[in-house]
Every structure is written in C-alpha cells, then in structure tokens.
Amino acid sequence: MRWKARARGAQERFGFERYTTDWREVIADPAVEAISVTAPNGMHLEINRAAAAAGKHILCEKPVGRFPEETLLSEEAARQAGVITFVGFNYRWAPVVQYAQRLIADGKLGRITHYHGRFLNGYASNPNGFLSWRFDEAQGLGTLGDLMSHVIDMAHMLAGPIEALTSDCEIFIRERPLPRPGVGTHYDVASDEGPRGKVTNEDYVNALVRFANGARGHLEACRVINGAKCDMSFEIHGTRGAIKWSFERMNELQLQWRNDADPAEDGYLTLLSGPAHPYHGRFNPAWGTGLGYDDLKVIEAYNFLKSVATGEQGQPGFAEAAAVARVQQAMIRSWKSGGWERVEP
C-alpha cells in the first residue's frame with residue numbers, strides 16, 4: 001500500500017496520465033515506446049531484458065547490472081533486439097566537460113600523457129548510516145559500481161580506452177545499523193544504538209591504468225571519505241597543456257596552455273560556463289550563470305529521446321556501459337591476483 005500511495009502521489013504532483021506499481025505493466029503497454037529504468041541495481045537485468053524483448057528503447061541508470069556480467073548481458077539483449085539504449089552517466093553532460101572533450105579531440109592539449117580521475121563522495125562517511133541495499137554484495141557491487149563506473153566512463157570519453165590496470169579495494173566501515181520500515185536509504189542515519197549488520201561490498205577502489213594511446217593514469221573512488229562532498233573530477237595533462245574539472249564547481253574549467261615565450265603567463269586560467277559551450281545556451285543565455293545537476297539529467301534525457309526520434313544510437317549507450325564493465329572485471333581480477341590485468345577487448 002505504501003508504494004501505491006507514493007505512485008499515486010507522484011501522478012498527482014507531476015500530472016502523469018496513469019501510474020502503476022508493476023513495471024511489467026509498463027513494458028506490456030503498446031503505447032509505451034521507451035522506458036527509464038531507475039529501479040534498484042538488482043532489478044536492472046530483468047527489466048532490461050524484458051524491455052528489449054518487447055522492442056522498447058531503454059534509458060537505464062548506471063550500473064546497468066549488479067555485476068559487470070549482468071551489464072554485458074543487458075548489452076547483448078539490447079543489441080540483438082535492435083533497440084536504442086542510453087545510460088545515466090550524467091556527468092558527461094556538463095557544458096565545460098563537453099568543451100573539454102572538444103579541445104582534446106582537436107589536439108589542443110597535444111598528446112595525452114596522464115589522466116587522473118576520481119569520485120570522492122562522503123554520502124556513507126557516517127558509520128551510523130543505515131545498511132541499505134547499496135552495502136549488500138548480493139545486491140551488487142559497492143563503490144566500484146556506484147561511483148567508479150562514472151570515473152571509468154569519463155576516462156573513456158576523454159582519454160580513450162584502458163588496456164591494462166592494477167587495482168585495490170577496501171571496506172573501511174564494516175558494520176552499519178539495520179534499516180527500519182519507512183527509512184533506510186543510503187542518506188539516512190540511525191538516531192540510537194540498535195542491531196547492526198555487515199557491509200559486504202567495497203567502500204573504496206583505486207587503480208593504476210594504462211590507456212591504449214600510451215597515457216598513464218590513476219582512478220580512485222570512495223563513498224566513506226570526509227571532506228569531499230561530490231568530488232567527481234578529472235585532471236588531464238598533455239604535451240601542450242592541461243585541464244582539470246570538478247563537479248563541486250561544475251561550471252568552471254581550469255585550462256592551461258604551455259607558454260614557452262613568456263613563462264610568467266604559464267599557469268591555469270579559469271573558464272566560466274557560458275553560451276559558447278555546448279548546451280549552456282539552451283538553459284541560460286548569460287555567461288557565468290551556472291547550470292545544476294538536474295540540468296545535466298535534462299540534457300541526458302534530451303539526447304536519449306533524440307536518439308529514439310532519429311533512430312541513430314547515441315552515446316553513452318549500453319555499448320559504453322559494456323566497456324566500463326570490462327574494466328570493472330579487470331579490476332576485480334586484480335583484487336584477487338594482486339597484479340596487473342589486461343582489459344578484455
């Protein structure tokens with residue numbers, strides 16, 4: 001009854017024509033052409049397979065599966081069905097990130113030599129945060145699926161495919177309070193002592209990586225860190241210059257060109273997001289008037305629906321999610337071997 005009341009409330013609040021608490025009804029409806037999958041990770045594969053079999057186009061939140069193998073199965077099902085897919089790697093869509101991609105593609109940084117990507121987010125830094133499904137290995141990966149998937153996708157977009165890596169992981173907070181009816185998301189905190197359960201997936205992941213283009217890099221993600229709030233960021237160094245960006249200041253891009261003629265001017269400059277950067281002008285015509293997280297989700301939805309309307313598969317689709325999954329598989333193998341592992345092509 002609680003889920004039905006929430007669904008009905010959403011219908012009334014946002015003006016939807018209908019509501020249901022059964023995702024199968026959505027897929028079976030012939031009037032539905034595309035679906036957005038935002039269910040818990042453990043449900044993604046079943047929903048994606050059913051939607052693909054029914055010929056529905058799919059926008060799925062990351063990670064596309066509980067484990068890399070499930071992501072690969074979703075990609076296979078969608079590819080065989082010939083449906084359009086998209087994935088919620090929303091940090092791609094910040095206007096200055098899109099501009100950074102253009103600078104790299106145009107060779108403005110020269111040859112990329114070093115990439116540092118990270119996602120440091122303290123949403124689980126309080127040890128009294130409830131033991132939600134996000135901390136249960138049976139429901140999927142921890143930080144490797146939740147945060148590192150964004151880091152890997154961004155690295156692929158900006159620096160290209162990763163060919164080999166060595167990785168490490170750790171659980172820093174090993175027990176958490178058990179959730180209670182009506183509460184227990186990964187943002188809720190217990191107000192008193194009560195029964196606790198074990199955390200069974202990883203809080204922290206890092207990796208040294210070697211890109212196919214010869215660049216070297218370091219990727220890092222953590223959900224229990226203090227200090228950083230949402231530091232989804234990258235630093236990229238090339239033979240002619242460098243750029244760096246963090247979501248915590250998502251409307252700023254740090255840019256440096258090597259100036260051999262006047263070393264006094266050789267340093268980072270700050271570019272503010274504006275209408276000359278991709279997508280910014282669709283929201284605001286003014287320079288320095290920043291966009292926010294929700295705007296990135298709007299851009300994401302626009303590109304998915306554009307792909308559906310034109311019939312042309314855009315990025316990032318399930319193919320890009322599969323590329324992330326293969327890197328995740330190599331990381332998991334490295335946790336076990338303690339050495340370098342190649343990323344399967």
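**View 1. The largest nonpolar core of this predicted model holds 85 residues.** Tyr115, Met154, Leu219, Phe234, Trp245 and Met331 are the core residues that touch the most other members. Helix H7 (residues 148-159) supplies the largest share of this core, with 8 residues. To follow one of these residues, look at methionine 154: setting aside residues up to four places away in sequence, methionine 154 touches Tyr91, Arg92, Val97, Tyr115, Met232, Phe234 and Trp245.

**View 2. Helix H5 (residues 95-105) turns a set of buried residues towards several elements.** The buried residues of H5 are Pro95, Val96, Val97, Gln98, Ala100, Leu103 and Ile104. What do they pack against? Their partners are strands S4 (112-120), S10 (231-238), S11 (241-246) and S12 (252-257), together with helices H7 and H8, the latter spanning 293-310. Just after H5 comes glycine 107, with a positive phi of about 80 degrees.

**View 3. Here H5 and H7 are seen packing together, with their axes 9 Å apart.** The angle between H5 and H7 is about 40 degrees, and the two helices are therefore oblique to each other. On the H5 side, the contact is made by Val97, Gln98, Ala100, Gln101 and Ile104, while H7 contributes Met154, Met157 and Leu158. Sorted by class, this contact has 6 nonpolar residues, 2 polar residues and no charged ones. Two of the residues here will be familiar from the first view: Met154 and Val97 touch each other.

**View 4. Helices H3 (residues 44-53) and H4 (residues 68-81) pack at an angle of about 5 degrees.** Their axes lie 9 Å apart, and the angle makes H3 roughly parallel to H4. From H3, the residues in contact are Leu45, Asn48, Arg49 and Ala52. H4 answers with Glu70, Leu73, Ser74, Ala77, Ala78 and Ala81. By class, the residues of this contact divide into 6 nonpolar, 2 polar and 2 charged.

**View 5. Two cis peptide bonds can be picked out, each with a proline.** One of them joins lysine 62 and proline 63, with omega at about -10 degrees. Proline 63 sits in the loop between strand S2 (57-60) and H4. The other joins glutamine 315 and proline 316, and its omega is about 5 degrees. Where does proline 316 lie? Look for proline 316 in the loop between H8 and helix H9 (318-337).

**View 6. Tyrosine 279 has a positive phi, near 75 degrees, although it is a residue other than glycine.** Tyrosine 279 belongs to the loop between strand S13 (269-272) and H8. With a relative accessible area of 21%, tyrosine 279 is partly exposed.

**View 7. Phenylalanine 172 is in the loop between strand S5 (162-170) and strand S6 (175-177).** Is phenylalanine 172 buried or exposed? Its relative accessible area is 52%, so phenylalanine 172 is exposed. Beyond its neighbours within four places in sequence, phenylalanine 172 is in contact with Asp203, Tyr204 and Val224. For a sense of scale, the C-alpha atom of phenylalanine 172 is separated by 47 Å from that of threonine 310, 138 residues apart along the chain.

**View 8. Glutamate 265 is found in the loop between S12 and S13.** Glutamate 265 is exposed, and its relative accessible area is 55%. Between the C-alpha atoms of glutamate 265 and threonine 113 the separation is 22 Å, for residues 152 places apart along the chain.

**View 9. The model has 0 disulfides, and this view visits its cysteines 169 and 230.** Cysteine 169 is in no disulfide, and the nearest cysteine sulfur, in cysteine 222, is 12 Å away. Cysteine 169 has 26% relative accessibility and so counts as partly exposed. Why is cysteine 230 without a bond to cysteine 222? Cysteine 222 has the closest cysteine sulfur, but at 13 Å from the sulfur of cysteine 230 it is too far for a bond, since a disulfide needs the two sulfur atoms within 2.5 Å. Cysteine 230 is buried, with a relative accessible area of 16%.

Conventions:
Residues are numbered from 1 along each chain as its sequence is written. This is a predicted model: local features need pLDDT of at least 70, side-chain atom pairs count only at pLDDT 80 or more; totals for chains, interfaces and linings use all residues. Side-chain values use heavy atoms; hydrogens and water are left out. Buried means under 20% relative accessible area, exposed over 50%, partly exposed in between (1.4 Å probe, protein chains only). Axes are lines fitted to C-alpha atoms, for helices over the stretch in contact, and angles run from 0 to 180 degrees between N-to-C directions. Helices (H or I, at least four residues) and strands (E, at least two) are DSSP runs, numbered from the N terminus. Angles under 35 degrees count as roughly parallel, over 145 as roughly antiparallel, 65 to 115 as roughly perpendicular and the rest as oblique. Contact means heavy atoms within 4.5 Å. Ala, Val, Leu, Ile, Met, Phe, Trp, Tyr, Cys and Pro count as nonpolar, Asp, Glu, Lys and Arg as charged, and the others, Gly among them, as polar. A nonpolar core is a set of buried Ala, Val, Leu, Ile, Met, Phe, Trp, Tyr and Cys residues joined through side-chain atoms within 4.5 Å.
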